[in-house]
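Hi everyone, thanks for coming. I'll take a few minutes to walk you through a structure that may be new to you, so let's get it up on the screen.

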Amino acid sequence: MSDAAATTIDLAGREVRVSSPDKVFFAERGETKRDLIRYYEAVAAPLLAAMGGRPVLLQRHPNGADGSSFFQKRVPKSAPAWLTTTTVSTVNGTTSQALVAADLAHVAWAVNLGCLGFHVWALTAADPDHADELRLDLDPQPGTDFDTAREAARELRGLLEEFGLVGYPKTTGKRGIHVYLRLVPEYDSYQVRQAAVAVARELERRRPDLLTAAWWKEERGERIFVDYNQNAPHKTVFGAWCVRARPGAQVSTPFAWDELDDVDPDGLTIASVPARVAADGDPWAPMYTRPQSLAPLLALHERDREAGLHDAPWPPVYPKMPDEPPRVAPSRARAERDA
């Protein structure tokens with residue numbers, strides 16, 4: 001079969017057309033579009049447990065990981081009639097029809113478009129009014145590395161345990177660590193963000209040498225930033241078990257806490273992760289059967305508010321929020337004040 005030829009793959013009771021299945025997507029080992037689809041087939045159970053039924057934002061690299069990319073939220077009108085979509089909204093109220101990760105056929109359809117990265121909503125298409133995941137993003141800043149993120153993850157785990165909560169970690173597929181909590185479906189995304197802000201601030205209070213809740217980069221220093229705004233309404237986070245657009249095809253991989261000291265994010269790829277799943281199963285499986293309450297973290301948030309703390313800054317694309325501090329970098333504010 002020539003690289004330009006199309007083929008069909010049977011998945012989830014659908015025939016999915018795949019153009020140029022032998023097109024190389026990842027240069028390091030030469031994995032192709034077909035290899036990427038087969039990877040997702042190999043990890044289908046944990047993949048769909050993590051993002052099944054959720055709207056996804058597609059990060060498309062039509063020419064592979066080394067090529068240019070763009071984000072696509074809208075499903076094109078030429079899409080197959082069997083695709084499941086749902087209405088999503090931007091912060092300014094613009095709506096569009098986004099792909100729902102309904103089954104493996106939907107995943108393969110997106111991969112055929114060159115999707116090298118699924119960015120997943122924190123809600124399901126069936127219940128768009130409730131955010132049922134808290135995503136705590138430990139983001140290494142310049143001067144830090146994955147070992148620093150490991151130490152930050154230990155601190156976060158300990159804090160959650162003090163509140164009777166269990167977090168479930170994954171590599172980001174790059175240098176950071178994400179820690180997830182599946183929630184009882186009782187909270188909107190504003191409440192989930194409030195909980196994330198409270199966690200970020202408490203971690204900074206306990207380990208100001210290691211962790212920061214500072215939104216402005218100039219204030220973060222060589223610390224791990226706890227990116228609370230990954231929980232803002234309509235935000236998406238790179239999905240568990242999803243493959244990054246890197247030459248080595250690294251996977252954002254869930255792992256168990258007892259692996260924290262040894263996990264190697266660069267070694268978790270589409271070549272290695274399927275065997276790991278076959279041998280050890282899904283380390284996040286308990287998360288899905290034990291949804292948790294945000295009440296302890298929302299109480300922490302209320303304590304901070306009663307102590308006089310304002311809301312934390314929001315990203316610039318969001319409307320100005322009540323009690324939010326000025327949206328100006330501290331250095332610029334000082335310059336304007338001194339002018």
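Let me start with a question: which residues line the largest cavity? Before I answer, keep in mind that this is a predicted model. Okay, the lining of that cavity is made up of Ala-50, Met-51, Val-120, Glu-133, Arg-135, Tyr-180, Arg-182, Gly-239, Ala-240, Trp-284, Met-287 and Tyr-288. Helix H2 (44–51), strand E10, strand E12 and helix H7 (285–289) each give two or more residues to the lining. By type, you've got eight nonpolar residues, one polar and three charged. The volume comes to about 60 Å³, and the structure has one cavity of 30 Å³ or more.

Now, E10 and E12 bring us to a sheet. It's an open one with five strands, in the order E11-E12-E10-E14-E13, and the pairing is mixed. At the edges you'll find E11 (168–171) and E13 (211–212); each has a single partner strand, so one side of each has no neighbour in the sheet. E11 runs antiparallel to E12, residues 177–182, and four bridges join the two. If you'd like one to look for, Lys-170 has His-178 in E12 as its bridge partner.

What lies across E10, E13 and E14? That's helix H5, residues 189–206, which runs at about 40 degrees to E10 (133–140).

Stay with H5 for the last stop, aromatic pairs. There are nine of them in the whole structure. One of them is Tyr-190 with Trp-314, a tilted pair, 5.9 Å centre to centre with 45 degrees between the planes. Tyr-190 sits in H5, while Trp-314 is in the loop between helix H8 (295–306) and helix H9 (330–338), so this pair ties together parts that are 124 residues apart in sequence.

Key
Residues numbered from 1 in each chain as written. Predicted model: local features only at pLDDT ≥ 70, side-chain atom pairs only at ≥ 80, totals over all residues. Heavy atoms only, no water. Pairing = 2+ DSSP bridges. Contact = heavy atoms within 4.5 Å. Axes fitted to C-alpha atoms, helices over the stretch in contact; angles between N-to-C directions. 1 Å grid on protein atoms, 1.4 Å probe; cavity = no way out; pocket = protein on both sides within 12 Å on 5 of 7 lines; lining within 4 Å. Points joined across faces, edges and corners; volume = space filled by probe spheres on them. Nonpolar A, V, L, I, M, F, W, Y, C, P; charged D, E, K, R; others polar. Phe/Tyr/Trp six-rings, centres within 6.5 Å; stacked < 30°, edge-to-face > 60°.
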